[in-house]
Amino acid sequence: MKDFQDKYSWNLTDLFKNKEEFYDEIRKVKDKLKQIENYKGILCDNSENLYQCYALYEKLLIDFDKIYSYGMFSYHLNMANQEGIKLYKEVEMLSSEFSTASSFIIPEITFTDEKTIREYLSNDKRLKPYKRDIEDILEKKKHVLSKEEENLLANYSEIFSSPENIYGILTNAEFKFGNLIDEDGKEVELTNATYTKYLKSFNIEVRKQAFHLMYKKYSEYINTITEMYLSNVKQTVITSKLRKYASSLEQATIHDDATIKVYEALMKGVNEGLEINYQFISLKRKLLHIKEMHIYDLYLNPFQEGKNTISFEDAKKEAKSALSVLGTEYGNILDKAFENHWIDVYEKSNKRGGAYSSGVYGVHPFVLMNFTEDKRDVSTIVHELGHSIHSYYSNKTQNIIDANYTIMVAEVASTVNEILLSEYQIQHEKDKKKKAEYIYELLEMIRATFYRQSMFAEFEKEVHEKIENGEMLAAEDLNKLYYELNQKYFGKDIILDKEIQYEWSRIPHFYTDFYVYKYATGISAAICIATKILNKEEGYVEKYIHMLSQGCTKKSVELLKMVDVDLEDSNTYKVMTEFYKDKIDELKKLL
C-alpha cells in the first residue's frame, strides 16, 4: 500500500531533504532580508546599488519560492495535521517579512528622476536581466500618487475591501436557503455548494425548488447587496480618477496587462455571434425533450447516464495520446510529470480539495489533484499539466523575475490542452451516444466560459459607466439591466423566470472589478491556438512552445500575437464563435 501511495504522491524531498534543511533555509533568507534592507534610502544613488539590490532580490525570490512551496504543500496534504499547519504559518510569516523588507524597491524607483534610471539601464549592462521589471515600474509611474497620498490610500485598503468581506460573510455564513425534496423524496438543505448539483437533477421539481429557494433568499436582501456592490464600484471609480486613469475599465485592463481595445473587441465579437448561441439553446431544448425550457433547465445534461470511470493509468495514456500533437519534447515533459512525482493524485483524508498547479522555480511544477476515477478527471489532468508545462518552459528559459506569466495568458495553455483532449475524445469515440456526450460537454464549456462570462463583463461595463457618469442606481436598475442582458444573450427559446434578475447579486467575482472577461478572452485564444495545432500548420507547435517560454518578457497582448492571436481584433472572437457553430452542426449531424 505504501508503494502505491508513494507512486502517486508528491516527493517533497525534491524541495528539502528534511525539515532541518527547510528551517536552515529560512534562517538564511532572514539574513538576506537584513542585507536587502541596507539598500533602503540609497537604492537609486547609483547603478551599483540598484544592481546589487536586484541581484540579491533575485536570489531571495528563488529561495523563498522553495520555502513557501514546501510549507504550503505540507499543509495542503493534510490540513488537520498540526505540524503542517505550523509549517504553513511559518512561511506566511516569512512572506510578510519578505514583503515588508523589499517594499521600498518600487517606491524608490518610482520617485527617482526617470532620466537617471534610464541612464543606469543604458550604461550598466549588468541590469539587463532586470530591465523589463524596472521599465514596468517606470511605465506605471504616471499613475502613482505622492508618497503621502499613497500612504493614505494604503491605510484605507482594509476599508476598501469591506464590501467584499461583508458580502462573503452574509452570503456564505448567514444565508440559509431552506429545504427541498430531492429525487429520493428526502428533505435536504439547499446550500451554495449543492445548488449546482440540484440544477443538474433530472427531476424537474428538484430543479425548480432549488432555483426558487436560492433566489428567494437573494431577493430578500437585494437592497443590502446592491448597496455593498455599488460601494465597491464607487471606490474603484474614485481610485481610478485619483490615479489619473481615463476610466475604471482602463485601470483594470492596464493592471491585467491588456488594453481597453481587448475588452471592446470581445464585446463586439460576442455580440456579433449571439445568433449562434441561440442555436445551441434551441438545440438544447430539443435534446431535453421539453416543450418549454426554463432558465433552471439550462444545466441539465441530456446525455448523462451515470458515472463514467477510468483508472489513473488509463487517464495518463489518454492524456498523452490527446496531447501528442504538441510534439515529442512536450510528451517527454509529460512523462517526467507522471513518473517523477510531480502529481499528488488521489483524495486523502483532510487533503485540500480541488486541483491546482504550482511551478517551483529551479525545481519543477507540483500538481495537486483529487482523482476520483471519474472520466471528467482526465480534463482536469490535462488542464493542470497545461499550467505546469507552461511554468516548466518559462522557468527554464527566464530568470525568476521574468518567468511569471500574467493572468491574461495563464489560462490559455491549460485551455488549449482541454480543447485538444475534447477533440481527441470526439474523434476516437466509436459509440455514437458517447461521442454526442463529448461534443455536448465541449459546447457547454464554450457557452459557460465565453457567452456567460461575456454577459457578466457587459453587465460590469454598463454599471461602472453609469456610476462614472453620475447616475444614481438602485436595486431595480441593476435587476432590470441584468434581466435584459439575459434576454439578449439567451434568445427566445428559453423562458427567463423573473427570479433570474437577481442572479447578478450572487456572483462574487463582481467584487474583483473586470475580472471575468479574461475567461472569455482565454478560451477564445485557446481555440484559435488549438485549431491551428490540429490543422498541423507548419512550424506552429514550435511557435507555440516558444511563446510559452517567454514568461512575462512581453506584454500579454504581444505574447499572444506571437502565435497569431490578436485579442484586440474582433475577428479572433469570430474564430471562436465559428468553432462553436461547427460543433453545433457536428452534433446535429451526428444525431
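A salt bridge is a side-chain nitrogen of Lys or Arg within 4 Å of a carboxyl oxygen of Asp or Glu. The structure used in these exercises is a predicted model.

**Exercise 1.** Find what joins Lys 32 to Asp 63, and state which parts of the chain the pair ties together.

Solution.
Step 1. The closest N and O atoms of Lys 32 and Asp 63 are 2.7 Å apart, and the two residues form a salt bridge.
Step 2. Lys 32 belongs to helix α2 (residues 19-37) and Asp 63 to helix α3 (residues 47-77), so the pair links parts that are 31 residues apart in sequence.
Step 3. Buried means under 20% relative accessible area. Asp 63, with 14%, is buried, while Lys 32, with 22%, is partly exposed.

**Exercise 2.** Work out where Lys 375 and Glu 318 lie, and whether each is buried or exposed.

Solution.
Step 1. A salt bridge of 3.6 Å, N to O, connects the two side chains.
Step 2. Lys 375 sits in the loop between β5 and α19 (377-397) and Glu 318 in helix α17 (residues 312-322), so parts 57 residues apart in sequence are tied together.
Step 3. Lys 375 is buried at 16% relative accessible area, and Glu 318 is buried, also at 16%.

**Exercise 3.** Describe the surroundings of strand β5 (residues 365-371).

Solution.
Step 1. Seven of the seven residues of β5 are buried, so the strand is largely enclosed by the rest of the structure.
Step 2. Pro 365, Val 367, Met 369 and Phe 371 point one way, and Phe 366, Leu 368 and Asn 370 the other.
Step 3. β5 pairs with β3 (residues 343-346) in the parallel sense over three bridges, and Tyr 346 stands opposite Phe 371.
Step 4. With β4 (residues 356-359), β5 pairs in the antiparallel sense over four bridges; Ser 358 has Phe 366 as its bridge partner.

Conventions: Residues are numbered from 1 along each chain as its sequence is written. This is a predicted model: local features need pLDDT of at least 70, side-chain atom pairs count only at pLDDT 80 or more; totals for chains, interfaces and linings use all residues. Side-chain values use heavy atoms; hydrogens and water are left out. Buried means under 20% relative accessible area, exposed over 50%, partly exposed in between (1.4 Å probe, protein chains only). Helices (H or I, at least four residues) and strands (E, at least two) are DSSP runs, numbered from the N terminus. Two strands pair if DSSP finds at least two bridges between them.
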